[in-house]
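Biologist: Please take a close look at a single strand of this chain, and then follow the connections that lead away from that part. A formal account suited to a first-year student would be welcome.

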Amino acid sequence: MTFNDNARSSGSRVSKRGRNTGLAVGGGGVGLIVILLVSSFLGVDLSGLVGGDALGGGGAASQDSPLEGCETGADANAVVECRLDFTAQSLDDFWAQELGSGYALPEFVLFEQSVSTACGSATSAVGPFYCPGDSTVYLDVSFYDELRSRFGAEGGPLAQMYVVGHEWGHHIQNITGVMDRVKRGDSGPTSDSVRLELQADCLAGAWVGGASSVPDANGQTLLEPVTRAQVQDALNAASVIGDDRIQSSAGGEVDPHTWTHGSSEQRQRWFEAGYEGGTGACDTFAAQTL
């Protein structure tokens with residue numbers, strides 16, 4: 001997706017957090033190891049894995065600072081941090097239209113290497129994640145390099161934006177009560193964990209399908225209409241982080257009973273379902289077939 005060059009920012013939605021040095025890990029590091037094993041990258045919900053103190057809150061205090069220099073759509077098209085900022089603004093516009101007064105803005109924090117959250121402390125190794133405890137999306141932009149180098153993604157702009165849209169999907173699940181009604185922490189191809197992740201993929205697809213027609217507070221649209229080639233970038237990203245693809249590329253056996261995010265095919269299909277059918281097509285918990 002491409003932002004309209006002349007679109008203006010309505011105010012930065014992204015904070016940058018300085019490196020949290022001296023990361024303390026409680027329990028002999030077991031909590032962090034658990035996160036690294038189950039995260040599988042992209043769409044991690046830490047609240048089901050650790051409590052606020054499980055990884056410790058130690059280390060130097062971090063300082064948030066607003067993202068600067070991201071004033072226009074042209075900035076967003078040229079600089080990845082600005083692209084993420086404008087993506088957040090577009091997501092706000094879309095979800096405010098979908099949910100009305102029921103929409104509450106999440107925070108969005110860019111960090112480097114490690115970060116402390118209401119869900120515990122984490123490193124960049126867990127990939128982007130959403131913490132329900134503080135209603136915040138966390139992302140280290142170095143993840144995008146790894147998405148290409150380690151997972152073989154094409155990594156176009158919409159692939160980057162899809163990552164954010166997926167995490168926003170978890171925020172929507174949180175504020176609408178979906179997270180409270182499901183059994184998290186289980187696994188398997190039809191588990192609630194997989195349904196939760198596939199629904200977040202679908203909600204990201206719904207945003208992609210509708211965002212270019214949603215005006216902001218100034219009556220302008222931030223995004224130009226999406227092209228099929230751009231959609232393919234997002235589908236490619238969804239494919240490379242499927243549970244089966246990750247297990248296979250790691251040299252292990254593909255075991256559906258351990259899946260927590262869904263297969264490559266499932267993730268692509270549910271993204272497409274949202275893109276084609278909007279948010280009404282995203283009830284993965286009612287679906288007989290995933």
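Modeller: Two strands are said to pair if DSSP finds at least two bridges between them. Strands (E, at least two residues) and helices (H or I, at least four) are DSSP runs, numbered from the N terminus. The model is predicted, so local features need pLDDT of at least 70 and side-chain atom pairs count only at pLDDT 80 or more, while totals for chains, interfaces and linings use all residues. Residues are numbered from 1 along each chain as its sequence is written, and side-chain values use heavy atoms, with hydrogens and water left out.

The strand chosen here is β8, residues 136–139. In general, side chains in a regular strand alternate between the two faces of the sheet. In β8, T136 and Y138 lie on one side, V137 and L139 on the other, and all are buried; buried means under 20% relative accessible area, exposed over 50%, and partly exposed in between, with a 1.4 Å probe and protein chains only.

Strand β8 has a parallel partner in β4 (residues 107–111), joined over 4 bridges, and E107 stands opposite T136. With β7 the pairing is antiparallel, over 3 bridges; here Y130 faces V137 of β8. β7 and β8 form a hairpin with 4 residues between the strands, in which S135 adopts a positive phi near 50 degrees.

The partner strand leads on to a disulfide, that is, a pair of cysteine sulfur atoms within 2.5 Å. C119 and C131 form such a link, with their sulfur atoms 2.1 Å apart, and its 95 degrees about the S-S bond make the link right-handed. C131 belongs to β7 (residues 129–131) and C119 to the loop between β5 (114–117) and β6 (120–123), so the link ties together parts that are 12 residues apart in sequence. Both cysteines, C119 and C131, are buried.

By this rule the count comes to 3 disulfides. Another joins C70 to C82, again with the sulfur atoms 2.1 Å apart, and this link is left-handed, with -75 degrees about the S-S bond. A further disulfide connects C202 with C282; at -80 degrees, this link is left-handed. It joins distant parts of the chain, as C202 is in helix α7 (residues 192–210) and C282 in the segment after α10 (264–277), 80 residues apart. C202 is buried at a relative accessible area of 0%, and C282 counts as buried at 2%. With bonded cysteines counted along the chain, the pattern is 1-2, 3-4, 5-6.
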